[in-house]
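Subject: Structure handover

Hello,

Here is the structure I promised you. Please open it first, then read my notes below alongside it.

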Amino acid sequence: METYDVIIVGGGPAGANCAYELAKAGKSVAIIEKDVFPRFKPCAGMLTIKALHQLPYSIAPVVQWQTDAMTLSRNFKAEKTLQASKTLVVTTVRSELDEFCLKEADKAGAEIIVCSKGFERYEETDEGIKVYLADGRRLLSRFLVGADGAHSKVRKQSQQFTPDCTAVALEGRIPLERITRNKDKALRFDFNVVKKGYGWLIPKADHINVGIYTRRPDEYPISKKQLQDYTENLLGTREIDELLGFPIGTGGEYFEPPKSRVLLVGDAAGYAEPIFGEGIHNAIKSGKLAAKVILEAMNDTIVSNYEEAIEVVRTDVWWCRQIARAFYKFIVPALAVLQRNPVRRVVIEGFADGFTIKECLKVLSPLHKGPPAYPESQTIKELSSLK
């Protein structure tokens, strides 16, 4: 039976970056993955600057496009383009991003174990945590990290947490040559094209990712027809490739991690924010925080301070929940406020500086000083040098 300090189930941004930090610190780490990378992953592939700040390496080799502006509208009305003074987001193909991050973990010393039948279950024993793979293999570790997404098997077995609400997105891609309208590539978010949600266009090198999102799919289910109507209106086509719906793990602000040898990160812990459904930033951040507390607990039998460490993520997700409720309930005035100064300037420049929602709120409050500016990310530095 192979033995490791830590076993991580899931090799996406949360799992790969958790493994990277642990392996860099000299610990033996195994990542359990069901698929050989690159593997298809339904995701818009957009990274905010705050997500780039969390990465300990540059992802410039897989960046396909970057922009300093985004266009907002309310069902194609009250359209406004918000312009930042620097790069606002970069875009990637999610399968390429995940492969890149997993290779960085591999280079750091993590072992990648591919099991096409997947992770089956775990058992806590006096020896450690026995991990059972569905192909019959057995592994042993001191700690286990569940980074296996919104349908996490690790979470279900641990019974630590059940997401209170799983937001849903429907997403696909359209090659540039198929587009007959609005051929100039632009990042845009169109609120109220679906109830309690929005539609998006996120450009890449040779295609545009299109999608619709709702934070309340139980009340307002979304459909293929809604996405086709959206793309026909903006791009002149109803033909969408690789069309797929997927859940987004939210509700992590209510998750109180127990003192345990089993930790949950990313969508498995519900750490996607419910305004836009963006999860990559908190996936990377929670993976790194899990690695930090595991390293501190290497001489103990449990991790006792993960709840304290992850509070920064839970707090920001809580603020996102409050804003999402108000924003989507009062979408007309809320969008009008967002499109006007000083809110527009604070939000757009705050996002470009890599601020979280909570940090942007501090800037708006007269009772607090603004958060300090973050140093330019390695990715942006490398992209700037290539211009």
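Why does cysteine 43 form no bond with the closest cysteine sulfur? Keep in mind that this is a predicted model. A disulfide is a covalent bond between the sulfur atoms of two cysteines. The closest cysteine sulfur to that of cysteine 43 belongs to cysteine 101, and it is 12 Å away, so the two are too far apart for a bond. The cut-off for a disulfide is within 2.5 Å. Cysteine 360 is in no disulfide either. Its nearest cysteine sulfur, in cysteine 320, lies 9.7 Å away. The whole structure holds zero disulfides. Are these cysteines buried or exposed? Cysteine 43 counts as buried, at 16% relative accessibility. Cysteine 360 is buried too, with a relative accessible area of 5%.

Next, the aromatic rings. A pair of aromatic rings is described by the distance of the centres and the angle of the planes. How many aromatic pairs does a search of the whole structure find? It finds 15. One of them joins tyrosine 20 and tyrosine 57. Their centres are 5.2 Å apart, and the planes meet at 65°, which makes the pair edge-to-face. Tyrosine 20 sits in helix 1 (residues 13-24). Tyrosine 57 sits in the loop between helix 2 (49-54) and strand 4 (63-67). These parts are 37 residues apart in sequence, so the pair ties them together. Tyrosine 20 is buried, at 10% relative accessible area. Tyrosine 57 is buried as well, at 6%.

A second pair to look at is phenylalanine 191 with tyrosine 328. This one is tilted: 6.3 Å from centre to centre, with 55° between the planes. Phenylalanine 191 lies in strand 13 (residues 188-191), and tyrosine 328 lies in helix 8. The pair therefore ties together parts that are 137 residues apart in sequence. Both residues are buried. They also belong to a cluster linked by ring pairs. Its other members are Phe189, Tyr198, Trp200, Tyr213, Phe276 and Phe327.

Stay with helix 8 for a moment. It runs over residues 311-329, which is 19 residues. Does its length agree or disagree with the expected span? At 1.5 Å a residue it should span 27 Å, and its end C-alpha atoms are 27 Å apart, so the two agree. Several of its residues are buried, including Val313, Asp316, Cys320, Ala324 and Phe327.

Now the sheet. Strands of a sheet pair through backbone hydrogen bonds, either parallel or antiparallel. Here, three strands form an open sheet in the order 3-7-4, and the pairing is antiparallel. Which are the edge strands? They are strand 3 (46-48) and strand 4, each of which pairs on one side only. From one strand to the next, the twist averages 25°. Strand 3 pairs with strand 7 (residues 89-92) over three bridges. In one of the bridges, methionine 46 has threonine 91 of strand 7 as its partner.

Two last stops. Arginine 121 lies over the face of tyrosine 132, at 3.9 Å from the ring centre. Lysine 107 lies in helix 3 (residues 94-108). This lysine 107 counts as exposed, at 62% relative accessibility. Its C-alpha atom is 9.0 Å from that of alanine 23, although the two residues are 84 apart along the chain.

Best wishes

Key:
Residues numbered from 1 in each chain as written. Predicted model: local features only at pLDDT ≥ 70, side-chain atom pairs only at ≥ 80, totals over all residues. Heavy atoms only, no water. Buried < 20%, exposed > 50% of the residue type's maximum accessible area, 1.4 Å probe, protein only. Helix = DSSP H or I, 4+ residues; strand = E, 2+ residues; numbered from the N terminus. Expected span 1.5 Å × (residues − 1). Phe/Tyr/Trp six-rings, centres within 6.5 Å; stacked < 30°, edge-to-face > 60°. Lys NZ or Arg CZ within 6 Å of the ring centre and 35° of its normal. Pairing = 2+ DSSP bridges. Axes fitted to C-alpha atoms, helices over the stretch in contact; angles between N-to-C directions.
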